[in-house]
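User: I have a model on screen and want to read it properly. Please take me through it in short steps.

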Amino acid sequence: MPRLNRRLRAAGLHLVLSAFVAALVSLLVFKVWYPSPFAAMAGGLSLFGLLVGVDMVLGPALTAVVASETKPIAELRRDLVLIVAVQLAAFAYGLYTIALARPVHMAFEVDRLRIVTAADIEPEALREAPEMLRRLPWTGPRLIAAVKPTDPAEQVRSIELGLAGIDLAMQPR
């Protein structure tokens, strides 16, 4: 029973610390990057749920596995440092993915509003955008209007880009 007790205490402490980190990061994600109602509309809620679910299960579960009563303290510390390093790396990658999927514009496009994420915009194409739109916002989406081109050559280019999957709202110019 003492072996199980040490494992449960270690896993419980790891779970509490992981939950604390997730709660702090949720403030950034849901108050800054995905303000209401964009968390549900742009998929941020499900992405964050997946990230936290994996993080909250994997770290404490691995801690419970390595927290053996017979293991020397130096080995246990090394194992826990390695687990935390892998967990933080995975959490950072997940947060990076959530940042790429964040909504940056809500574009009025002819007859509808379209949510444009950071991943939808090619970084090279931002050079063609008007000066105020060359940087993608980090504090929630901006409301913009996508203007249909009037020049015949630009119309053909816009149609070609549309056929390639890059809608009018995702074209920075």
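Analyst: Accessible areas here come from the Shrake-Rupley method with a 1.4 Å probe. The model is a predicted one. By that method, the protein exposes about 10800 Å².

User: What share of that exposed area do carbon and sulfur atoms supply?

Analyst: The total exposed by the protein is about 10800 Å². The part supplied by carbon and sulfur atoms is 69%.

User: In what order do the elements run from the N terminus?

Analyst: The protein has 5 helices and 3 strands. From the N terminus on, the order is α-α-α-α-β-β-β-α.

User: Is the protein a compact globule or more spread out, and what is its radius of gyration?

Analyst: For 173 residues the globule rule gives 16 Å. The protein is well over that value, so it is more spread out than a compact globule. Along the principal axes, its C-alpha atoms fill a box of roughly 75 × 25 × 25 Å. The radius of gyration is 23 Å.

User: How far apart are the end C-alpha atoms of helix α4?

Analyst: Helix α4 covers residues 73-100, which is 28 residues. At 1.5 Å a residue it should span 40 Å. The model agrees: the end C-alpha atoms are 40 Å apart.

User: Which residues of α4 are buried?

Analyst: Buried means under 20% relative accessible area. An α-helix has 3.6 residues a turn, so residues three or four places apart point the same way. The buried residues of α4 are L76, D79, I83, Q87, F91, G94, L95, I98 and A99.

User: How far does helix α3 reach from its first C-alpha to its last?

Analyst: Helix α3 runs over residues 44-66 and has 23 residues. Its buried residues include F48, L51, D55 and M56. At 1.5 Å a residue, 33 Å is expected. The reach is close to that, at 33 Å.

User: Is H105 buried or exposed?

Analyst: H105 lies in strand β1, residues 103-109. Leaving aside neighbours within four places in sequence, its contacts include R114, V116, L133 and I144. Its relative accessibility is 5%, and the cut-off for buried is under 20%. So H105 counts as buried.

User: Where is V21, and is it buried or partly exposed?

Analyst: V21 is in helix α1, residues 2-33. With F20, L24 and L27 it forms a nonpolar patch on the surface, about 380 Å² of accessible area together. The relative accessible area of V21 is 35%, so V21 is partly exposed.

Key:
Residues numbered from 1 in each chain as written. Predicted model: local features only at pLDDT ≥ 70, side-chain atom pairs only at ≥ 80, totals over all residues. Heavy atoms only, no water. Patch = residues over 30% accessible without salt bridge, like charges linked within 9 Å, V, L, I, M, F, W, Y side chains within 5 Å. Salt bridge = Lys/Arg side-chain N within 4 Å of Asp/Glu carboxyl O. Helix = DSSP H or I, 4+ residues; strand = E, 2+ residues; numbered from the N terminus. Buried < 20%, exposed > 50% of the residue type's maximum accessible area, 1.4 Å probe, protein only. Expected span 1.5 Å × (residues − 1). Contact = heavy atoms within 4.5 Å. Rg over C-alpha atoms; globule rule 2.2 N^0.38 Å.
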